Each structure stands twice: as C-alpha cells, then as structure tokens.
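This report describes one protein chain from its coordinates. Please read it alongside the sequence and the model shown below.

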Amino acid sequence: MDEYIKKLRKHIGNEPLLLVAAGAIIYKNRKTLLQRRADSGNWAIHGGVLELGETVEETYLNLILDMKKEGYKMFALYVDKEVVAVAG
C-alpha cells in the first residue's frame, strides 16, 4: 500500500476513502489476464492508485511497464475513448 494512503488511514481508520485509480484490461492468447486482490482475495483487472502529482496516463503506463517485464505488450492507450498512445 502506498505510504500516502497509509498516512491517511492513520487519521481516518476504516472510514470510506475516495481514491483515483487506473485499470487495464489485458489480453494474451485470447484470455483476459486478472490479478487476485490482496485486500479481498477477489479477481480483478490490473490497476493501481494514482500517486500524488501523477496523471491517469502515467499510472497506466507504470502498470504497463510492470506487465512488459512479464512479456505482455501494449497496443494502445485509450482515455475517455480517445487514443493517447500507440505502441510503436
């Protein structure tokens, strides 16, 4: 968990906390890649919480960089239905 979120949790405990996040639907070999959430054990798409000062695009690209290490490729990044990056 991000240090910023840990600090917030010290102040608010288990009260609801509104966070901004980015997610990615990742396909490989005609299958959708999911991750098991550490907090609930449920399966979900890959994603991450925005760090302070980071854009949604930067959060997503950091996620993709991590996935590239595992052999996945990015084809395009869509934000609000617009292509903002295309793999080269």
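The sections below go from the overall make-up of the chain to helices, salt bridges, surface and pairs distant in sequence.

## Overall make-up

The model is predicted, not experimental. The chain contains two helices and eight strands, and their order along the sequence is α-β-β-β-β-β-β-α-β-β.

The chain has 88 residues, of which 17% count as buried. Its exposed area is about 7300 Å², with carbon and sulfur atoms supplying 54% of that area. If contacts are restricted to residues at least 6 apart in sequence, 34% of them join residues at least 24 apart.

## Helix 1 and the segment before it

Helix 1 runs over residues 3-12, and Glu3 lies in it. Glu3 is exposed because its relative accessible area, 51%, is over the 50% cut-off. A salt bridge joins Glu3 to Lys6, with 3.4 Å between the closest N and O atoms. Both residues of this pair belong to helix 1 and are three residues apart, about one turn of the helix. An α-helix has 3.6 residues a turn, so residues three or four places apart point the same way. Lys6 has a relative accessible area of 36% and is therefore partly exposed.

Asp2 belongs to the segment before helix 1. At a relative accessible area of 22%, Asp2 is partly exposed, since buried would require a value under 20%.

## Helix 2

Helix 2 covers residues 56-68, 13 residues in total. At 1.5 Å a residue it should span 18 Å, and the distance between its end C-alpha atoms is 18 Å, so the two values agree. The expected value rests on one less than the number of residues, which is why the 13 residues give 18 Å.

Which residues of helix 2 are buried? They are Thr59, Tyr60, Leu63, Ile64 and Met67. These residues cover an arc of only 135° around the axis, and therefore lie on the same side of helix 2.

Asn62 is also located in helix 2. Its relative accessibility is 38%, so Asn62 counts as partly exposed. Asn62 and Gly47 are 15 residues apart along the chain, and their C-alpha atoms are separated by 9.8 Å.

## Salt bridges

How many salt bridges does a search of the whole structure find? It finds two. Side chains of opposite charge can pair when their charged atoms come close. One of the bridges is the pair Glu3 and Lys6 in helix 1, described above.

Arg37 and Asp39 also form a salt bridge, in which the closest N and O atoms are 2.5 Å apart. Arg37 has 39% relative accessibility and so counts as partly exposed. Asp39, at 58%, counts as exposed because this value is over 50%.

## Nonpolar surface patch

Ile25, Tyr27, Leu34, Trp43 and Ile45 make a nonpolar surface patch of about 560 Å². Leu34, one of these residues, is placed in the loop between strand 3 (31-33) and strand 4 (35-36).

Is Leu34 buried, partly exposed or exposed? Leu34 counts as partly exposed because its relative accessibility is 38%, a value that lies between the 20% and 50% limits.

## Pairs distant in sequence

The start of the chain can be related to later residues by C-alpha separations. Asp2 and Leu50 are 48 residues apart in sequence, with 9.5 Å between their C-alpha atoms. Glu3 and Glu51 are also 48 residues apart in sequence, and their C-alpha atoms are 9.6 Å apart in space.

Val20 sits in the loop between helix 1 and strand 1 (21-24). Leaving aside residues up to four places away in sequence, Val20 touches Val49, Leu50 and Val56. Leu50 therefore has heavy atoms within 4.5 Å of Val20, and its C-alpha atom is 9.5 Å from that of Asp2. Val20 and Thr55, 35 residues apart in sequence, have C-alpha atoms 9.7 Å apart.

Terms used:
Residues numbered from 1 in each chain as written. Predicted model: local features only at pLDDT ≥ 70, side-chain atom pairs only at ≥ 80, totals over all residues. Heavy atoms only, no water. Helix = DSSP H or I, 4+ residues; strand = E, 2+ residues; numbered from the N terminus. Buried < 20%, exposed > 50% of the residue type's maximum accessible area, 1.4 Å probe, protein only. Arc of directions from axis to C-beta. Patch = residues over 30% accessible without salt bridge, like charges linked within 9 Å, V, L, I, M, F, W, Y side chains within 5 Å. Areas by Shrake-Rupley, 256 points an atom, 1.4 Å probe, with all protein chains shown as cover. Salt bridge = Lys/Arg side-chain N within 4 Å of Asp/Glu carboxyl O.
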